Amino acid sequence: MDKNNLTPEEQEHLKNWVAQMEAGEMAQAQDLIDNCNITYQFAKTHSVYVKDWEKVKQQMEDNLRNSVLPPGVSANLFRAIIDASEEVMQRKLEKVRDAFQKKFGEPIYNYLGPDGKTKKLFGIFG
């Protein structure tokens with residue numbers, strides 16, 4: 001499947017859908033950056049976003065593989081939606097990661113274990 005195989009109508013649908021999704025995701029990221037002042041909570045919330053997106057993406061991939069598509073959406077368009085969603089979510093995660101680095105001077109991943117809990121945070125946790 002190839003994004004270039006989308007009809008003009010599907011390309012327009014994808015463009016509008018991505019613009020709407022990106023606006024919502026970036027607003028959510030900015031809200032997290034602006035309103036989460038506690039380092040641990042900032043890192044923990046970021047971890048939840050990562051895990052939630054991984055679950056959603058896996059479900060979308062499973063649906064595509066099993067030909068469970070939204071009404072009126074071709075397999076090519078659904079593949080393009082998954083790929084575009086991944087790009088938007090990566091930009092969102094990078095925005096949050098970069099803000100954490102700027103604010104605290106250390107990478108966000110220094111504070112998270114695989115389960116989303118802190119490894120060590122200023123000697124307080126873990």
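Reader: How many residues has α3, and what does it reach from its first C-alpha to its last?
Author: α3 has 30 residues and reaches 43 Å, close to the 44 Å expected at 1.5 Å a residue. Expected span is 1.5 Å times one less than the number of residues. Helices are DSSP runs (H or I, at least four residues), numbered from the N terminus.

Reader: Predicted or not? What are the ground rules?
Author: This is a predicted model: local features need pLDDT of at least 70, side-chain atom pairs count only at pLDDT 80 or more, and totals for chains, interfaces and linings use all residues. Residues are numbered from 1 along each chain as its sequence is written, and side-chain values use heavy atoms, with hydrogens and water left out.

Reader: What is the mean pLDDT of the chain?
Author: The mean is 80, and 78% of residues reach 70 or more. pLDDT is the predictor's confidence in each residue, from 0 to 100.

Reader: Which elements have the lowest and highest mean?
Author: Helix α2 (residues 39-65) is lowest at 83, and α1 is highest at 90.

Reader: Where does pLDDT stay under 50?
Author: Over residues 120-126. The model has 13 contacts there beyond four places in sequence (heavy atoms within 4.5 Å).

Reader: Back to α3. What comes just after it?
Author: G105, with a positive phi of about 75°.

Definitions and conventions: Helix = DSSP H or I, 4+ residues; strand = E, 2+ residues; numbered from the N terminus.
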